[in-house]
Amino acid sequence: ERRVEGRQVTNGASVGLGIRLKKPDDYFTAQFSLNYERFNLMNWSSSAFILRDGISNNLSAQITFGRFSARSDVSNIFPTTGANVSLTFKFTPPYSLVRGGKFSPGSTEVLTDADKYTWIEYHKWRFNVEWFTKLNKSIKFPLVLRFAAKFGFLGMYNERIGYSPYERFELGGDGISNIQYYGRDIISLRGFDVITPNEGAPFFDKFTLEMRFPFSLNQSATIYGLAFVEGGNYWERIRDFNPFSLKRSAGLGIRIFLPMFGMLGFDYGIRFDKQFSNESDVGASGFGNYLSKYGRFSIVLGFEPE
């Protein structure tokens, strides 16, 4: 019998409800959803994942509370004041704790991949904050400072199961060119290629500071430039988490919003830290060599990546 190499089939469904809250004020929202995904891997030879064969089911609930007050006095595409804050909790039932037996912490029985991952279990936390403020009083050419911070934590119920191979975080790159196979959260990091391990990471953080300056605030073609500094990192164990141990970069970018195409743009970021632990020290003879060796273009198509 001939087997298909590298085949994966993913099916899923989701139902959700979102409401606007009246307290503490009208900017607060709550969203609830129930989600199901079924992953079927057949002779999956990719080195980017733990499993090779089998079926995994991901039945989860998600709750998001947020406050979204970012607004603009010039263009809806160019926020000038306010903030967006959200806290998301996503979780599955703790199957292994209910089943007991060989899943008990003191058990010495061997757990196969089918035992561990037929029904995926985890709890996952995301916290995002984004803040805008104007630095001048101009209506035609406002200078806007944007600060953003993102945190992600993937938890486990049972140390014998470990962290779920699904729902991890992939940090680095432009956030859109990476193929999304496993329900990962793809987080861009300008100036770097993907820095997380092939299987993804259970913990990450990212900080961004941008100065935005408009070239055109016409509703039919909003164009603005930006200068940014950015930093982020990942961790494979919670005890190693250090929010200020960052991979840092800086650069310039441009955004063009056209109603027919959505958001278009690109960034050029230069990194100041090693991309990988086995990389040679950052530093190159000559400014041109430094830019070519440690610089990276990122493309924005349709939406602003995380």
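Strands here are DSSP runs of E, at least two residues long, numbered from the N terminus. The model is a predicted one. Keep those strand numbers at hand for the stops below.

**Stop 1: the largest pocket**

Select Asn128, Lys150, Glu304, Pro305 and Glu306. Of the 42 residues that line the largest pocket, these five lie nearest its centre. The space inside comes to about 760 Å³.

Now colour the strands around the pocket. Which strands each supply at least two residues of the lining? Start with S3 (54-68), S4 (82-91), S5 (123-134) and S6 (144-155), which are among them. Then add S9 (203-218), S10 (221-235), S12 (262-271) and S13 (295-302), which also belong to the set. S5 gives the largest share, with seven residues.

Colour the lining by class next. Charged residues number 18, nonpolar residues 15 and polar residues nine.

**Stop 2: strands S2, S3 and S4**

Select S2, residues 28-42, together with S3. The two run antiparallel and are paired over 14 bridges. For one pair to zoom in on, pick Ser33 and its bridge partner in S3, Gln62.

Add S4. S3 pairs with S4 as well, again in the antiparallel sense, over eight bridges. Pick Ala61 here; its bridge partner in S4 is Phe91. As you turn the view, recall that side chains in a regular strand alternate between the two faces of the sheet.

**Stop 3: Gly265**

Move to strand S12 and centre on Gly265. Is Gly265 buried or exposed? It counts as buried because its relative accessibility is 14%, and the cut-off for buried is under 20%.

Show what surrounds Gly265. Leaving aside residues up to four places away in sequence, Gly265 touches Ile254, Arg255, Ser298, Ile299 and Val300. Then draw a C-alpha to C-alpha distance from Gly265 to Gly302. It should read 9.0 Å, for two residues that are 37 apart in sequence.

**Stop 4: salt bridges**

Switch on the charged side chains. Opposite charges can pair when the charged atoms come close. The structure has 22 salt bridges.

Begin with Asp73 and Lys134, whose closest N and O atoms are 3.5 Å apart. This pair links distant parts of the chain: Asp73 sits in the loop between S3 and S4, Lys134 in strand S5, 61 residues away. Asp73 counts as partly exposed, at 45% relative accessibility.

Go on to Asp185 and Lys124. Their salt bridge has its closest N and O atoms 3.1 Å apart. Asp185 lies in strand S8 (residues 185-187) and Lys124 in strand S5, so the bridge ties together parts 61 residues apart in sequence. Both Asp185 and Lys124 are buried.

Return to Glu304, one of the residues nearest the pocket centre. Its side chain meets that of Arg255 in a salt bridge, 2.8 Å from N to O. Glu304 lies in the segment after S13 and Arg255 in strand S11 (residues 247-258), so this pair ties together parts 49 residues apart in sequence. How do the two differ in exposure? Glu304 is partly exposed, at 34% relative accessibility, whereas Arg255 is buried, with a relative accessible area of 1%.

**Last selection: the network**

Keep Glu304 and Arg255 on screen and add Glu130, Arg146, Arg190, Lys206, Glu210, Arg212, Glu230 and Asp267. Salt bridges with shared partners join these residues, Glu304 and Arg255 included, into one network.

Note on methods: Residues are numbered from 1 along each chain as its sequence is written. This is a predicted model: local features need pLDDT of at least 70, side-chain atom pairs count only at pLDDT 80 or more; totals for chains, interfaces and linings use all residues. Side-chain values use heavy atoms; hydrogens and water are left out. On a 1 Å grid over the protein atoms alone, a cavity is a set of points where a 1.4 Å probe fits but cannot get out, and a pocket is an open set with protein on both sides within 12 Å along at least five of seven lines; lining residues have an atom within 4 Å of a point. Grid points are joined across faces, edges and corners, and a volume is the space filled by probe spheres set on the points. Helices (H or I, at least four residues) and strands (E, at least two) are DSSP runs, numbered from the N terminus. Ala, Val, Leu, Ile, Met, Phe, Trp, Tyr, Cys and Pro count as nonpolar, Asp, Glu, Lys and Arg as charged, and the others, Gly among them, as polar. Two strands pair if DSSP finds at least two bridges between them. Buried means under 20% relative accessible area, exposed over 50%, partly exposed in between (1.4 Å probe, protein chains only). Contact means heavy atoms within 4.5 Å. A salt bridge is a side-chain nitrogen of Lys or Arg within 4 Å of a carboxyl oxygen of Asp or Glu.
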